[in-house]
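Q: I'm new to this structure, so please pick one part of it and take me through it slowly. I'd like to know which pieces come together there.

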Amino acid sequence: MNRRTLLALLALGPLLPAHAAEVQRVRMWTLLSGGDGARMRALVDEFNASQQAVRVESTTLKWGEPFYTKLITASVVGAGPDLATIHLSRLPNLAGGGVLRPIAAAELAAVGLAGDDFLPRQWTKSQYQGRTYAVPLDQHPLVLYYNKNLVGKAGLLDGRGQLKPIEGMAALTDALRRVKAATGKPGLTMESAQSSYAIWRLWLSLLAQQGLPVVANGRFAYGAAGEATLARIAGWFQAGYATPGMDYPASTSQFMGGNAGFMLNGVWEVPELVRGSKAGTLGFEYGIVPLPKLYGDASAWADSHGFALPANGDKPMSAAKARAVLSFVAYVSRHSMGWAEGGHIPAYRPVAESAAALALQPNAQYAAAAHNVVYDPDGWYMGAAGPLEAIASKFLPAPLAGQLTPADALRRFETEAARLLKKRAPLY
(Lines give C-alpha, C1' and ligand atoms only; values in the text may rest on other atoms or scores of the structure.)
Protein backbone atom coordinates (compact mmCIF):
# COMPACT_ATOMS: atom_id res chain seq x y z
CA MET A 1 0.00 0.00 0.00
CA ASN A 2 1.57 3.32 -1.06
CA ARG A 3 1.71 6.38 1.15
CA ARG A 4 -1.03 8.27 -0.71
CA THR A 5 -3.47 5.39 -0.50
CA LEU A 6 -2.74 5.05 3.22
CA LEU A 7 -3.38 8.76 3.72
CA ALA A 8 -6.66 8.46 1.84
CA LEU A 9 -7.80 5.63 4.10
CA LEU A 10 -6.77 7.53 7.18
CA ALA A 11 -8.66 10.57 5.89
CA LEU A 12 -11.82 8.51 5.76
CA GLY A 13 -11.39 7.63 9.40
CA PRO A 14 -13.52 10.53 10.69
CA LEU A 15 -16.21 9.46 8.24
CA LEU A 16 -16.53 5.98 9.64
CA PRO A 17 -19.69 6.04 11.72
CA ALA A 18 -19.57 5.48 15.42
CA HIS A 19 -22.45 3.62 17.01
CA ALA A 20 -24.82 6.52 16.64
CA ALA A 21 -23.08 8.47 13.85
CA GLU A 22 -25.26 9.71 11.04
CA VAL A 23 -24.55 8.53 7.51
CA GLN A 24 -23.53 11.39 5.20
CA ARG A 25 -25.92 11.42 2.24
CA VAL A 26 -24.51 12.89 -0.96
CA ARG A 27 -26.95 13.98 -3.63
CA MET A 28 -25.44 13.84 -7.10
CA TRP A 29 -26.92 15.09 -10.36
CA THR A 30 -25.56 13.61 -13.56
CA LEU A 31 -26.19 14.04 -17.26
CA LEU A 32 -24.67 10.65 -18.03
CA SER A 33 -27.06 8.26 -19.75
CA GLY A 34 -26.83 5.10 -21.83
CA GLY A 35 -23.65 3.11 -21.28
CA ASP A 36 -21.99 5.98 -19.42
CA GLY A 37 -24.96 6.20 -17.10
CA ALA A 38 -24.86 2.48 -16.40
CA ARG A 39 -21.16 2.62 -15.58
CA MET A 40 -21.59 5.56 -13.24
CA ARG A 41 -24.48 3.81 -11.49
CA ALA A 42 -22.24 0.78 -11.02
CA LEU A 43 -19.51 2.96 -9.50
CA VAL A 44 -22.05 4.54 -7.14
CA ASP A 45 -23.27 1.11 -6.06
CA GLU A 46 -19.73 -0.17 -5.55
CA PHE A 47 -18.76 2.87 -3.50
CA ASN A 48 -21.87 2.62 -1.34
CA ALA A 49 -21.13 -1.06 -0.71
CA SER A 50 -17.46 -0.39 0.10
CA GLN A 51 -18.12 1.56 3.32
CA GLN A 52 -20.90 2.64 5.67
CA ALA A 53 -20.12 6.30 6.28
CA VAL A 54 -21.30 7.88 3.01
CA ARG A 55 -24.21 7.07 0.75
CA VAL A 56 -24.35 8.62 -2.72
CA GLU A 57 -27.81 9.10 -4.22
CA SER A 58 -27.62 9.79 -7.95
CA THR A 59 -30.25 11.42 -10.16
CA THR A 60 -29.94 11.47 -13.97
CA LEU A 61 -31.23 14.55 -15.77
CA LYS A 62 -31.61 15.19 -19.50
CA TRP A 63 -28.30 15.75 -21.30
CA GLY A 64 -27.31 19.16 -22.58
CA GLU A 65 -28.86 22.55 -21.99
CA PRO A 66 -31.78 21.20 -19.87
CA PHE A 67 -29.24 19.80 -17.40
CA TYR A 68 -27.19 22.98 -17.22
CA THR A 69 -30.22 25.24 -16.96
CA LYS A 70 -31.54 23.24 -14.02
CA LEU A 71 -28.13 23.07 -12.35
CA ILE A 72 -27.63 26.83 -12.65
CA THR A 73 -31.12 27.66 -11.40
CA ALA A 74 -31.00 25.22 -8.49
CA SER A 75 -27.53 26.26 -7.34
CA VAL A 76 -28.42 29.96 -7.41
CA VAL A 77 -31.40 29.44 -5.09
CA GLY A 78 -29.55 27.04 -2.81
CA ALA A 79 -31.45 23.94 -3.94
CA GLY A 80 -28.77 22.25 -6.02
CA PRO A 81 -27.14 18.88 -5.39
CA ASP A 82 -23.98 18.27 -3.39
CA LEU A 83 -22.14 17.03 -6.47
CA ALA A 84 -22.63 17.29 -10.24
CA THR A 85 -21.01 15.73 -13.28
CA ILE A 86 -20.26 18.42 -15.83
CA HIS A 87 -18.34 18.96 -19.07
CA LEU A 88 -15.09 20.78 -18.43
CA SER A 89 -15.77 22.86 -21.54
CA ARG A 90 -18.59 24.53 -19.57
CA LEU A 91 -16.35 25.51 -16.66
CA PRO A 92 -15.85 29.18 -17.68
CA ASN A 93 -19.62 29.60 -17.69
CA LEU A 94 -20.33 27.70 -14.47
CA ALA A 95 -17.35 28.79 -12.39
CA GLY A 96 -17.34 32.33 -13.76
CA GLY A 97 -21.06 32.63 -13.18
CA GLY A 98 -20.84 31.66 -9.51
CA VAL A 99 -22.63 28.33 -9.99
CA LEU A 100 -19.74 26.25 -8.60
CA ARG A 101 -17.63 26.60 -5.50
CA PRO A 102 -13.84 26.19 -5.65
CA ILE A 103 -12.23 23.05 -4.28
CA ALA A 104 -9.25 23.71 -2.03
CA ALA A 105 -6.02 21.74 -2.33
CA ALA A 106 -6.37 20.81 1.34
CA GLU A 107 -9.83 19.34 0.69
CA LEU A 108 -8.39 17.17 -2.06
CA ALA A 109 -5.43 16.18 0.10
CA ALA A 110 -7.83 15.06 2.83
CA VAL A 111 -9.05 12.29 0.50
CA GLY A 112 -5.62 11.53 -0.93
CA LEU A 113 -5.82 13.51 -4.18
CA ALA A 114 -3.57 16.16 -5.70
CA GLY A 115 -3.30 17.95 -9.03
CA ASP A 116 -0.30 15.86 -10.05
CA ASP A 117 -2.52 12.78 -9.96
CA PHE A 118 -4.28 13.89 -13.14
CA LEU A 119 -3.25 14.27 -16.75
CA PRO A 120 -1.96 17.85 -17.16
CA ARG A 121 -4.28 18.93 -19.97
CA GLN A 122 -7.38 17.83 -18.10
CA TRP A 123 -6.19 19.27 -14.81
CA THR A 124 -5.63 22.61 -16.52
CA LYS A 125 -9.19 22.52 -17.90
CA SER A 126 -10.43 22.06 -14.33
CA GLN A 127 -9.02 25.44 -13.30
CA TYR A 128 -10.63 28.85 -13.53
CA GLN A 129 -8.75 32.02 -12.65
CA GLY A 130 -6.15 30.08 -10.72
CA ARG A 131 -8.55 27.98 -8.61
CA THR A 132 -9.74 24.39 -8.93
CA TYR A 133 -13.44 24.04 -9.71
CA ALA A 134 -13.66 20.41 -10.83
CA VAL A 135 -11.94 17.06 -10.56
CA PRO A 136 -11.45 15.66 -14.09
CA LEU A 137 -12.75 12.19 -14.85
CA ASP A 138 -11.82 11.58 -18.48
CA GLN A 139 -11.31 12.86 -21.97
CA HIS A 140 -13.37 11.76 -24.94
CA PRO A 141 -11.94 12.81 -28.32
CA LEU A 142 -13.27 12.65 -31.86
CA VAL A 143 -11.85 9.57 -33.59
CA LEU A 144 -12.15 7.74 -36.90
CA TYR A 145 -13.84 4.31 -36.87
CA TYR A 146 -13.50 1.99 -39.85
CA ASN A 147 -15.18 -1.14 -41.15
CA LYS A 148 -12.37 -3.52 -42.10
CA ASN A 149 -14.56 -5.45 -44.50
CA LEU A 150 -15.44 -2.40 -46.58
CA VAL A 151 -12.17 -0.49 -46.44
CA GLY A 152 -10.35 -3.75 -47.17
CA LYS A 153 -12.24 -4.09 -50.45
CA ALA A 154 -11.05 -0.58 -51.27
CA GLY A 155 -7.41 -1.61 -50.70
CA LEU A 156 -6.97 0.57 -47.63
CA LEU A 157 -5.68 -2.08 -45.19
CA ASP A 158 -2.06 -3.11 -44.70
CA GLY A 159 -0.76 -6.65 -44.40
CA ARG A 160 -1.72 -6.79 -40.71
CA GLY A 161 -5.31 -5.83 -41.42
CA GLN A 162 -4.87 -2.30 -40.07
CA LEU A 163 -5.80 0.93 -41.80
CA LYS A 164 -2.98 2.31 -43.91
CA PRO A 165 -1.90 5.78 -42.79
CA ILE A 166 -4.06 8.61 -44.09
CA GLU A 167 -2.47 12.05 -44.18
CA GLY A 168 -3.99 15.11 -45.77
CA MET A 169 -7.50 16.08 -46.81
CA ALA A 170 -6.88 14.80 -50.34
CA ALA A 171 -5.90 11.38 -48.97
CA LEU A 172 -8.99 11.09 -46.80
CA THR A 173 -11.24 12.25 -49.63
CA ASP A 174 -9.67 9.63 -51.90
CA ALA A 175 -10.21 6.94 -49.25
CA LEU A 176 -13.91 7.82 -49.06
CA ARG A 177 -14.13 7.76 -52.85
CA ARG A 178 -12.45 4.37 -53.06
CA VAL A 179 -14.84 2.80 -50.54
CA LYS A 180 -17.82 4.12 -52.47
CA ALA A 181 -16.42 2.89 -55.77
CA ALA A 182 -15.45 -0.56 -54.46
CA THR A 183 -18.55 -1.32 -52.38
CA GLY A 184 -21.35 0.97 -53.54
CA LYS A 185 -21.79 2.06 -49.92
CA PRO A 186 -21.01 5.47 -48.44
CA GLY A 187 -17.39 6.00 -47.57
CA LEU A 188 -18.33 7.96 -44.45
CA THR A 189 -21.13 8.40 -41.98
CA MET A 190 -21.46 11.09 -39.34
CA GLU A 191 -24.19 13.09 -37.68
CA SER A 192 -25.09 15.76 -40.23
CA ALA A 193 -28.66 16.94 -39.61
CA GLN A 194 -29.50 20.44 -38.49
CA SER A 195 -28.99 20.91 -34.74
CA SER A 196 -26.24 18.29 -34.68
CA TYR A 197 -22.84 18.98 -33.13
CA ALA A 198 -20.57 16.67 -35.15
CA ILE A 199 -19.80 19.15 -37.92
CA TRP A 200 -18.84 21.79 -35.36
CA ARG A 201 -16.48 19.33 -33.66
CA LEU A 202 -14.85 18.30 -36.93
CA TRP A 203 -14.61 21.88 -38.22
CA LEU A 204 -13.04 23.05 -34.96
CA SER A 205 -10.56 20.15 -35.14
CA LEU A 206 -9.49 20.98 -38.68
CA LEU A 207 -9.10 24.67 -37.90
CA ALA A 208 -6.89 23.70 -34.95
CA GLN A 209 -4.83 21.51 -37.29
CA GLN A 210 -4.17 24.71 -39.26
CA GLY A 211 -3.22 26.61 -36.13
CA LEU A 212 -6.42 28.66 -36.21
CA PRO A 213 -8.75 29.27 -33.25
CA VAL A 214 -12.45 29.84 -33.74
CA VAL A 215 -12.44 32.86 -31.43
CA ALA A 216 -9.52 34.99 -30.30
CA ASN A 217 -9.50 38.40 -28.61
CA GLY A 218 -13.27 38.65 -28.75
CA ARG A 219 -13.64 38.06 -32.48
CA PHE A 220 -13.88 35.23 -34.99
CA ALA A 221 -10.32 34.43 -35.97
CA TYR A 222 -10.35 31.69 -38.61
CA GLY A 223 -10.57 33.98 -41.65
CA ALA A 224 -10.85 32.52 -45.15
CA ALA A 225 -9.76 29.10 -43.87
CA GLY A 226 -13.09 28.72 -42.07
CA GLU A 227 -15.02 28.78 -45.35
CA ALA A 228 -12.47 26.66 -47.21
CA THR A 229 -12.46 24.00 -44.50
CA LEU A 230 -16.25 23.82 -44.33
CA ALA A 231 -16.34 23.56 -48.12
CA ARG A 232 -13.98 20.56 -48.05
CA ILE A 233 -16.22 18.79 -45.55
CA ALA A 234 -19.34 19.62 -47.56
CA GLY A 235 -17.64 18.27 -50.65
CA TRP A 236 -17.72 14.74 -49.24
CA PHE A 237 -21.49 14.90 -48.99
CA GLN A 238 -22.06 16.60 -52.31
CA ALA A 239 -19.93 13.96 -54.06
CA GLY A 240 -22.07 11.20 -52.57
CA TYR A 241 -19.38 9.81 -50.30
CA ALA A 242 -21.59 10.55 -47.28
CA THR A 243 -25.33 11.03 -46.73
CA PRO A 244 -26.46 14.49 -45.56
CA GLY A 245 -29.26 15.12 -43.11
CA MET A 246 -28.68 12.12 -40.86
CA ASP A 247 -29.42 12.52 -37.16
CA TYR A 248 -27.26 10.86 -34.53
CA PRO A 249 -29.12 7.52 -34.25
CA ALA A 250 -29.34 7.17 -38.04
CA SER A 251 -25.64 7.85 -38.55
CA THR A 252 -24.47 5.38 -35.90
CA SER A 253 -26.97 2.77 -37.13
CA GLN A 254 -25.59 3.16 -40.65
CA PHE A 255 -22.12 2.27 -39.44
CA MET A 256 -23.18 -0.43 -36.98
CA GLY A 257 -25.23 -2.04 -39.75
CA GLY A 258 -22.16 -2.37 -41.95
CA ASN A 259 -23.29 0.27 -44.41
CA ALA A 260 -20.44 2.79 -44.29
CA GLY A 261 -16.68 2.46 -44.54
CA PHE A 262 -15.78 5.08 -41.95
CA MET A 263 -17.52 6.85 -39.08
CA LEU A 264 -16.41 10.11 -37.48
CA ASN A 265 -17.65 10.13 -33.90
CA GLY A 266 -16.56 10.33 -30.29
CA VAL A 267 -15.08 7.41 -28.38
CA TRP A 268 -18.37 6.92 -26.53
CA GLU A 269 -19.54 4.50 -29.26
CA VAL A 270 -16.80 2.01 -28.35
CA PRO A 271 -18.96 0.02 -25.87
CA GLU A 272 -21.60 -0.67 -28.52
CA LEU A 273 -18.99 -2.01 -30.93
CA VAL A 274 -17.41 -4.14 -28.22
CA ARG A 275 -20.81 -5.50 -27.21
CA GLY A 276 -21.76 -6.30 -30.81
CA SER A 277 -18.45 -8.04 -31.45
CA LYS A 278 -18.72 -10.19 -28.33
CA ALA A 279 -22.33 -11.07 -29.09
CA GLY A 280 -21.55 -11.87 -32.72
CA THR A 281 -24.19 -9.41 -33.94
CA LEU A 282 -21.96 -6.70 -35.41
CA GLY A 283 -21.32 -8.48 -38.70
CA PHE A 284 -17.89 -7.01 -39.44
CA GLU A 285 -14.47 -6.37 -37.97
CA TYR A 286 -13.72 -2.80 -36.99
CA GLY A 287 -10.77 -0.64 -36.11
CA ILE A 288 -10.33 2.84 -34.65
CA VAL A 289 -7.61 5.43 -35.21
CA PRO A 290 -7.13 8.99 -33.96
CA LEU A 291 -8.43 11.70 -36.23
CA PRO A 292 -5.79 11.77 -39.00
CA LYS A 293 -3.38 14.61 -39.65
CA LEU A 294 -5.35 16.30 -42.42
CA TYR A 295 -3.55 19.66 -42.25
CA GLY A 296 -0.54 20.73 -40.17
CA ASP A 297 -1.00 18.38 -37.21
CA ALA A 298 -3.37 15.80 -35.73
CA SER A 299 -5.43 18.07 -33.46
CA ALA A 300 -8.80 16.58 -32.58
CA TRP A 301 -11.75 18.03 -30.69
CA ALA A 302 -12.37 16.56 -27.26
CA ASP A 303 -14.28 17.27 -24.12
CA SER A 304 -14.00 15.90 -20.60
CA HIS A 305 -16.38 14.98 -17.84
CA GLY A 306 -15.55 16.13 -14.35
CA PHE A 307 -17.00 16.32 -10.86
CA ALA A 308 -17.93 19.74 -9.50
CA LEU A 309 -19.48 21.08 -6.28
CA PRO A 310 -22.39 23.52 -6.76
CA ALA A 311 -22.11 26.71 -4.71
CA ASN A 312 -25.78 26.54 -3.64
CA GLY A 313 -26.21 30.22 -2.89
CA ASP A 314 -26.22 31.06 0.81
CA LYS A 315 -26.16 27.40 1.89
CA PRO A 316 -22.45 26.56 1.96
CA MET A 317 -21.38 22.96 2.30
CA SER A 318 -20.02 21.87 5.66
CA ALA A 319 -16.48 20.55 5.91
CA ALA A 320 -17.80 17.10 6.81
CA LYS A 321 -20.10 17.02 3.78
CA ALA A 322 -17.30 18.21 1.47
CA ARG A 323 -15.07 15.42 2.75
CA ALA A 324 -17.84 12.90 2.14
CA VAL A 325 -18.44 14.20 -1.40
CA LEU A 326 -14.78 14.15 -2.30
CA SER A 327 -14.28 10.69 -0.84
CA PHE A 328 -16.64 9.44 -3.55
CA VAL A 329 -14.79 11.44 -6.22
CA ALA A 330 -11.51 9.91 -5.05
CA TYR A 331 -13.04 6.43 -5.17
CA VAL A 332 -14.23 6.91 -8.76
CA SER A 333 -10.82 8.26 -9.79
CA ARG A 334 -9.04 5.22 -8.38
CA HIS A 335 -11.57 2.85 -9.94
CA SER A 336 -11.80 4.52 -13.34
CA MET A 337 -10.58 1.46 -15.22
CA GLY A 338 -14.23 0.49 -15.51
CA TRP A 339 -14.91 3.95 -16.88
CA ALA A 340 -12.19 3.38 -19.50
CA GLU A 341 -14.12 0.35 -20.70
CA GLY A 342 -16.74 2.86 -21.84
CA GLY A 343 -14.24 4.14 -24.41
CA HIS A 344 -13.08 7.15 -22.40
CA ILE A 345 -9.46 7.94 -21.64
CA PRO A 346 -9.18 8.25 -17.82
CA ALA A 347 -7.82 11.51 -16.43
CA TYR A 348 -6.44 9.91 -13.24
CA ARG A 349 -2.82 9.19 -14.11
CA PRO A 350 -2.24 6.04 -12.02
CA VAL A 351 -5.07 4.42 -13.99
CA ALA A 352 -4.44 6.09 -17.37
CA GLU A 353 -0.75 5.12 -17.29
CA SER A 354 -1.26 1.62 -15.90
CA ALA A 355 -0.34 -1.47 -17.92
CA ALA A 356 -3.97 -2.57 -17.89
CA ALA A 357 -5.22 0.70 -19.37
CA LEU A 358 -2.45 0.87 -21.96
CA ALA A 359 -3.29 -2.66 -23.12
CA LEU A 360 -7.07 -2.21 -23.12
CA GLN A 361 -8.66 -2.85 -26.51
CA PRO A 362 -9.83 -1.18 -28.62
CA ASN A 363 -8.78 1.90 -26.60
CA ALA A 364 -5.09 1.28 -27.28
CA GLN A 365 -5.73 1.83 -30.99
CA TYR A 366 -6.60 5.50 -30.47
CA ALA A 367 -4.72 6.26 -27.25
CA ALA A 368 -2.38 8.62 -29.12
CA ALA A 369 -5.29 11.00 -29.61
CA ALA A 370 -4.84 12.06 -25.97
CA HIS A 371 -1.73 14.02 -26.94
CA ASN A 372 -3.49 16.14 -29.56
CA VAL A 373 -6.84 17.07 -28.04
CA VAL A 374 -8.26 20.57 -28.38
CA TYR A 375 -11.24 21.90 -26.47
CA ASP A 376 -13.79 24.53 -27.34
CA PRO A 377 -12.20 27.96 -26.79
CA ASP A 378 -12.62 29.39 -23.31
CA GLY A 379 -15.62 31.65 -23.00
CA TRP A 380 -18.86 31.77 -21.06
CA TYR A 381 -20.80 31.03 -24.25
CA MET A 382 -18.70 28.00 -25.27
CA GLY A 383 -18.77 24.33 -24.36
CA ALA A 384 -21.05 21.33 -24.56
CA ALA A 385 -24.56 22.36 -25.62
CA GLY A 386 -23.58 25.97 -24.93
CA PRO A 387 -25.16 28.90 -26.77
CA LEU A 388 -22.45 29.29 -29.42
CA GLU A 389 -22.45 25.57 -30.18
CA ALA A 390 -26.23 25.71 -30.53
CA ILE A 391 -25.95 28.50 -33.11
CA ALA A 392 -23.25 26.60 -35.00
CA SER A 393 -25.48 23.53 -35.12
CA LYS A 394 -28.17 25.58 -36.89
CA PHE A 395 -25.99 26.73 -39.76
CA LEU A 396 -22.84 24.61 -40.25
CA PRO A 397 -24.70 21.45 -41.38
CA ALA A 398 -26.61 23.35 -44.10
CA PRO A 399 -23.84 23.30 -46.77
CA LEU A 400 -23.66 19.51 -46.57
CA ALA A 401 -27.08 19.25 -48.20
CA GLY A 402 -26.57 22.29 -50.43
CA GLN A 403 -29.09 24.38 -48.50
CA LEU A 404 -26.53 27.16 -47.99
CA THR A 405 -23.09 27.83 -49.38
CA PRO A 406 -20.26 27.60 -46.86
CA ALA A 407 -19.87 31.38 -47.07
CA ASP A 408 -23.58 31.94 -46.37
CA ALA A 409 -23.59 29.45 -43.51
CA LEU A 410 -20.63 31.11 -41.79
CA ARG A 411 -22.01 34.59 -42.38
CA ARG A 412 -25.28 33.63 -40.67
CA PHE A 413 -23.39 31.86 -37.89
CA GLU A 414 -21.20 34.89 -37.22
CA THR A 415 -24.09 37.35 -37.41
CA GLU A 416 -26.13 35.49 -34.82
CA ALA A 417 -23.20 34.56 -32.61
CA ALA A 418 -21.58 38.02 -32.58
CA ARG A 419 -23.93 39.14 -29.81
CA LEU A 420 -22.49 36.46 -27.54
CA LEU A 421 -18.93 37.67 -28.04
CA LYS A 422 -19.96 41.19 -27.08
CA LYS A 423 -22.17 40.25 -24.13
CA ARG A 424 -20.80 40.46 -20.61
CA ALA A 425 -20.38 37.07 -18.98
CA PRO A 426 -23.42 36.38 -16.79
CA LEU A 427 -23.17 36.24 -13.02
CA TYR A 428 -26.04 34.07 -11.88
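A: What follows is a close look at the largest nonpolar core and some of the residues and helices linked to it.

First, some ground rules. This is a predicted model, where local features need pLDDT of at least 70, side-chain atom pairs count only at pLDDT 80 or more, and totals for chains, interfaces and linings use all residues. Residues are numbered from 1 along each chain as its sequence is written, and side-chain values use heavy atoms, leaving out hydrogens and water.

Now to the core itself. A nonpolar core here is a set of buried Ala, Val, Leu, Ile, Met, Phe, Trp, Tyr and Cys residues joined through side-chain atoms within 4.5 Å; buried means under 20% relative accessible area with a 1.4 Å probe, counting protein chains only. The largest one has 61 residues, and the members that touch the most others are W200, W203, W236, F262, L388 and F413. Helix α9 (residues 198-209) supplies the largest share of this core, 9 residues. Helices, by the way, are DSSP runs of H or I with at least four residues, numbered from the N terminus. Apart from this core there's another, with 54 residues, including V54, L94, L100 and Y331.

Let's zoom in on W236. Leaving aside residues up to four places away in sequence, W236 touches M169, L172, T173, L176, L188, L202, Y241, A242 and L264, where contact means heavy atoms within 4.5 Å.

Pick M169 from that list and look from its side. M169 belongs to helix α8 (residues 169-183) and has a relative accessible area of 3%, so it counts as buried. With the same near-in-sequence residues left out, M169 touches L206, R232, W236, L294 and Y295. As for T243, it lies 74 residues from M169 along the chain, and their C-alpha atoms are 19 Å apart.

Back to L388 and F413, two of the well-connected core members. L388 is one of the α18 residues that meet α19, and F413 is among those on the α19 side. Others in that meeting include I391 and F395 from α18, and A409 and L420 from α19. Helix α18 (residues 387-395) packs against helix α19 (residues 406-422) at about 165°, with the axes 9 Å apart. The axes are lines fitted to C-alpha atoms over the stretch in contact, with angles from 0 to 180 degrees between N-to-C directions. Angles over 145 degrees count as roughly antiparallel, so that's the label for α18 and α19.

Definitions and conventions. Buried means under 20% relative accessible area, exposed over 50%, partly exposed in between (1.4 Å probe, protein chains only). Helices (H or I, at least four residues) and strands (E, at least two) are DSSP runs, numbered from the N terminus. Angles under 35 degrees count as roughly parallel, over 145 as roughly antiparallel, 65 to 115 as roughly perpendicular and the rest as oblique.
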